[in-house]
Amino acid sequence: METTLECQKSLVDFGIEIKNLNMLKTALTHPTYSYENNLPENNQRLEFLGDTVLSLIIVEYLYAMYPNKQEGELSKIKSVVVSGESLAEGARKFKLYDYLLIGKGEEKVGGRYRDSVLADAFEALIAAIYLDLGFEKVKEFVFQILDDIIEEIVTKGVRDYKTILQELLQKDYKKSVEYKVLAEKGPDHDKVFTVGLIWEEQVIAIGLGKSKKEAERQGAKIAIEYFLNKG
């Protein structure tokens, strides 16, 4: 319960005075920890709810703030804002990794710092705040954490690593990479896709994401670094 109390104190700094400590602890509990300690709950159900709550918050905000942007552009912005990469960035801003309850095996491989673990826990935390304090209060928290990220995405445009990679390869190699789904894990509402980028019959980068597009984008980002270093 110690890490839960520390998280509760950190939330107070953001004006969030959550009362339900049991639910907060559940939001911080990774499935590996609940399995190893025979606990009845982990943060997966809260993550499921938090994903929907967060999407509504972001969609409502984008609709109100950018009346001149069309649906297609708003959808692209929203998909990046709620992507695992952006949510993990927000989780790191809150230092959520300090409060997570992680299984020993996952801890050994640095699981508490992985984007997917942080993004899932961040969504679970959003759900816990929503259930305890309501929609307006969780909106307040989300914008304190993600406001800078949203502004950067809107002003600089969607970080389309796939397009950047394609332009780089066409310029220097006159070839393209192949994106191949290597694995799909998890239930339908919480799948994690693993995508490999194939170049000259070798996997040069691997991306993970909650959708194929997100996994491809993550893989493309890594591949860009590969080719820049290669050159």
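Let's start with Tyr 226, which is partly exposed, with a relative accessible area of 31%. Keep in mind that this is a predicted model.

Right beside Tyr 226 in the sequence view is our next residue, Phe 227. Is Phe 227 buried or exposed? Its relative accessibility is 4%, so Phe 227 counts as buried. The rings of Tyr 226 and Phe 227 pair up, with centres 5.0 Å apart. Their planes meet at 80°, and because that is over 60, we call this pair edge-to-face.

Phe 227 has another ring partner, Tyr 173. Here the centres are 5.5 Å apart and the planes stand at 55°, so this pair is tilted. Where do the two residues sit along the chain? Tyr 173 is in the loop between α10 (161-172) and β1 (178-185), while Phe 227 belongs to helix α11 (residues 212-230). They are 54 residues apart, so to speak of this pair is to speak of a link between distant parts of the chain. As for Tyr 173, its relative accessibility is 28%, so it counts as partly exposed.

Now, let's zoom out. How many aromatic pairs does the structure hold? There are twelve. Ring pairs also join Phe 14, Phe 94, Tyr 99, Phe 122 and Phe 141 into a cluster.

Last, for those of you who like charges, have a look at two lysines. Lys 162 places its charged end over the ring of Tyr 179, at 4.7 Å from the centre. Over the face of Trp 199 you will find Lys 175, 5.8 Å from the ring centre.

Key: Residues are numbered from 1 along each chain as its sequence is written. This is a predicted model: local features need pLDDT of at least 70, side-chain atom pairs count only at pLDDT 80 or more; totals for chains, interfaces and linings use all residues. Side-chain values use heavy atoms; hydrogens and water are left out. Rings of Phe, Tyr and Trp (its six-membered ring) pair if their centres lie within 6.5 Å; planes under 30 degrees apart count as stacked, over 60 as edge-to-face and the rest as tilted. Helices (H or I, at least four residues) and strands (E, at least two) are DSSP runs, numbered from the N terminus. Buried means under 20% relative accessible area, exposed over 50%, partly exposed in between (1.4 Å probe, protein chains only). A charge sits over a ring if NZ of Lys or CZ of Arg is within 6 Å of the ring centre and within 35 degrees of the ring normal.
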